Every structure is written in C-alpha cells, then in structure tokens.
Amino acid sequence: MTDRSVLFVLFDGVQSLDVTGPLEVLAAAGYRIRTASPGGLAVRTSSGLRLMPDEDLAAAAPPHTLLVPGGPGTREPAAELVGRIAELAAGAEKVASVCTGAFLLAEAGLLAGRRATTHWAHCEALARRFPDVTVDPDPIHVRDGRVTTSAGVTAGIDLALALVEEELGRELALSIAQHLVMFLRRPGGQAQFSTQLAAQLAVRRPLRDVQRWITDHPDADLSVEALARRASLSPRQFARVFTAETGTTPGRYVDGVRLEVARRRLEDSDDGIEQVARRSGYRNPEAMRRAFARTLAVSPVDYRRRFRTAS
C-alpha cells in the first residue's frame, strides 16, 4: 500500500468521538495514524476526556490525509491553529473535516467556492459566516475536489468508511462496517435527525395558538382557509403574517408537523402504516410515502425498521 498516513488535528474542546470514530475505522484498514496538537500538549475534549497527541502540530509533516475534527473548541480558534491547518492542507493529498471541523477548514480558506456540510444544527451559521461556501445541510458527507466535509459526530465514521472504500475497496470497507455494526452507506440524510421543526414560534398569540392546534390536530383540516378562521384573519393576511413570524409558509409548516408526527408514531407505536398515515393527516399511505421519500430519502417501512423503539 502506498503512503496512507492520516494526521488528526487535536485541540482543547475537541469532540472525542469526532476523533476516535474515524480513527478506529482507518486504523482497522491499516492507515498510519498520527495525532498532533499545538505544542504537542495533552488536550481536554468537550466531554472531559484527556487525549495525549503523538507530536507537536507545528513540527508535523504534511500527511496523505489531514483530518480536522469538530467540537466547541472550533468556536473561537487560535490564529496559529487555523494557520497551521492551512499549511498542512497545502501539502496533503486530501483534507477532511468532521462535524464543526468545517468551520476550521473555512477559517483556513479551504472551503471557499466549494460545496460543504456540517452538523445540521450549525449549517445556517456556517453559511452565514462564510458566504463563499455553498452549504448543503442534508448529506452525511460531501466531497468537493480533494476536500471532504461531514455531518455531526458519528458521520465521521461514515466519512472514514467512504475513504476506505474509495482507496482500498468495498470489500474491506464492508468488513469494517460489519465489525462496527454500521451501515456501509447510511440510509437517508441529516434531515431525519433534526429537531422537530426549524420554524420559529410566532410572536402573536393567535398565531402561536394556531401552531399548537396544528401540532395537536395533524389529521384535521389544516388548509390556509381553516387556519385563518382560527386566527380570525383573512386567508391572505394569515399566510403573510404567519410566514413573516415563523420563517416558513403555513403549508410547509403543516407538512413538517405531519412528517414529525408520523416519524414519532413509527418509532413509538405499533400502529400499522395505514393507521399512522391517517392519524398523521395524510390522505393515504402513498402520500406519506412520498413525503418520507422527498424529505428523508427513506420509506416509512424502512424508517420504522431502523428507528423503532416500541416492543
């Protein structure tokens, strides 16, 4: 095997699983692993675990692959850390980040003009802070040229498996995935793991009451006309102020609620697919299936199989 060295950048406040997850995959595949921190000092992870690096980041040689993990320590990085990442990246064949490590790559100018992703909860901040980066909030990992970014925490394992598959073949990658009890390619994107709704809570009391009504009655008539009557507004006025105060249209908000209700029923109940669809407000199971395929890239049946918690 040609040189397959991987240098993990360590710093105080790093997320431990961003490091150890991909490290386990790459070590199992035979990569030569090195870890480095500023000054070669031990770092304390966000969970309190202390990690002792192999070497001083300032003295580290450019690796085949530079891997930058995320964590709270990426919020206000030292200029020296960012600068050294840029220097090492210039000599590396590949550069990758896990979770909010994408912020360090962006700070180092490595994502300018590229498509990238990060943890779903931080995608908006990444896009706002670095407008020259095209942020895609759904993929588990995104490769643009020699730079790959991945979603939150465990997505670093997905990224490492993809790297092994690309460089050393599917058979080895599949064997490692099976050993770790992982999907070689995780079904769906980040949307299936996001919070209940990205919409804001409305300022006006009548609109907040309508939001609660929608959540409590997903199978009711939730047309704009029906919701406007509940808010004592005309349909046009209701649609305008609802969008202004929540950041999304009434129709999209209703779609989000119904999808969330269906997800929870699939996870936590023994209801059949038809019953879940009806109670979640879908006209029929096919309408629910289309909604799942469009948003989560997975069918309701497959979603239940992977995420069900009920006995």
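**Exercise 1. Determine which residues of helix α5 are buried, and establish what covers them.**

Solution. The buried residues of α5 are A155, G156, I157, D158, L159, A160, L161, L163, V164, E165 and E167. Here buried denotes under 20% relative accessible area, exposed over 50%, and partly exposed in between, with a 1.4 Å probe and protein chains only. The model is predicted, so local features need pLDDT of at least 70 and side-chain atom pairs count only at pLDDT 80 or more, while totals for chains, interfaces and linings use all residues. Residues are numbered from 1 along each chain as its sequence is written, and side-chain values use heavy atoms, with hydrogens and water left out.

Step 1. Helices (H or I, at least four residues) and strands (E, at least two) are DSSP runs, numbered from the N terminus. Helix α5 comprises residues 155-168, which is 14 residues.

Step 2. Its first and last C-alpha atoms are 20 Å apart, close to the expected 20 Å; the expected span is 1.5 Å times one less than the number of residues.

Step 3. Of the 14 residues, 11 are buried, so α5 is largely enclosed by the rest of the structure.

Step 4. The cover over these buried residues includes α1, β6 (65-68), β7 (94-97), β10, β11 (147-150) and α6 (170-179), where a contact means heavy atoms within 4.5 Å.

Step 5. After α5 comes G169, with a positive phi near 105 degrees.

**Exercise 2. Explain why the buried residues of α7 line one face of the helix.**

Solution. Step 1. Helix α7 spans residues 205-216 and has 12 residues; its end-to-end C-alpha reach of 16 Å is close to the 16 Å expected.

Step 2. L207, V210, Q211 and I214 are buried in α7. Viewed down the helix axis, the buried residues fall within an arc of 100 degrees, so they line one face; the arc is that of the directions from the axis to the C-beta atoms.

Step 3. On the face turned away from the buried side are the exposed residues R205 and D216. The buried residues are covered by elements including α8 (224-230), α9 (235-246) and α10 (250-268).

**Exercise 3. Reconstruct the strand order of the open sheet and identify its edge strands.**

Solution. Step 1. The sheet has 7 strands in the order β5-β2-β1-β6-β7-β11-β10, with mixed pairing. Two strands pair if DSSP finds at least two bridges between them.

Step 2. At the edges stand β5 and β10 (141-144), each with a single partner strand, so one side of each lacks a neighbour in the sheet.

Step 3. Strands β2 and β5 (residues 55-56) run parallel and are joined by 2 bridges, with S37 opposite D56 in β5.

Step 4. Strand β1 (residues 5-9) pairs in the parallel sense with β2 (residues 32-37) over 5 bridges, and V9 stands opposite A36 in β2. The chain passes from β1 through helix α1 (residues 16-28) to β2 in a right-handed β-α-β crossover. Right-handed means that, with the strands pointing away from the viewer, the path from the first strand over the helix to the second runs clockwise.

Step 5. The parallel pairing of β1 with β6 has 3 bridges, and V6 has T65 as its bridge partner in β6. Between β6 and β7, which run parallel, there are 4 bridges; L67 has A96 as its partner in β7. The crossover from β6 through α2 to β7 is also right-handed.

Step 6. In a regular strand the side chains alternate between the two faces of the sheet. In β6, T65 and L67 point one way, L66 and V68 the other, and all are buried.

**Exercise 4. Decide how many disulfides are present, and account for C99 and C123.**

Solution. Step 1. A disulfide is a pair of cysteine sulfur atoms within 2.5 Å; by this rule the count is 0.

Step 2. C99 is in no disulfide, the nearest cysteine sulfur being that of C123 at 9.6 Å. For C123, the closest cysteine sulfur is that of C99, and 9.6 Å is too far for a bond.

Step 3. C99 counts as buried at 7% relative accessibility, and C123 counts as buried at 5%.

**Exercise 5. Summarise the chain as a whole.**

Solution. Step 1. There are 13 helices and 11 strands, and 47% of the 311 residues are buried.

Step 2. Along the principal axes, the C-alpha atoms fill a box of roughly 70 × 40 × 35 Å.

Step 3. Of the contacts between residues at least 6 apart in sequence, 63% join residues at least 24 apart.
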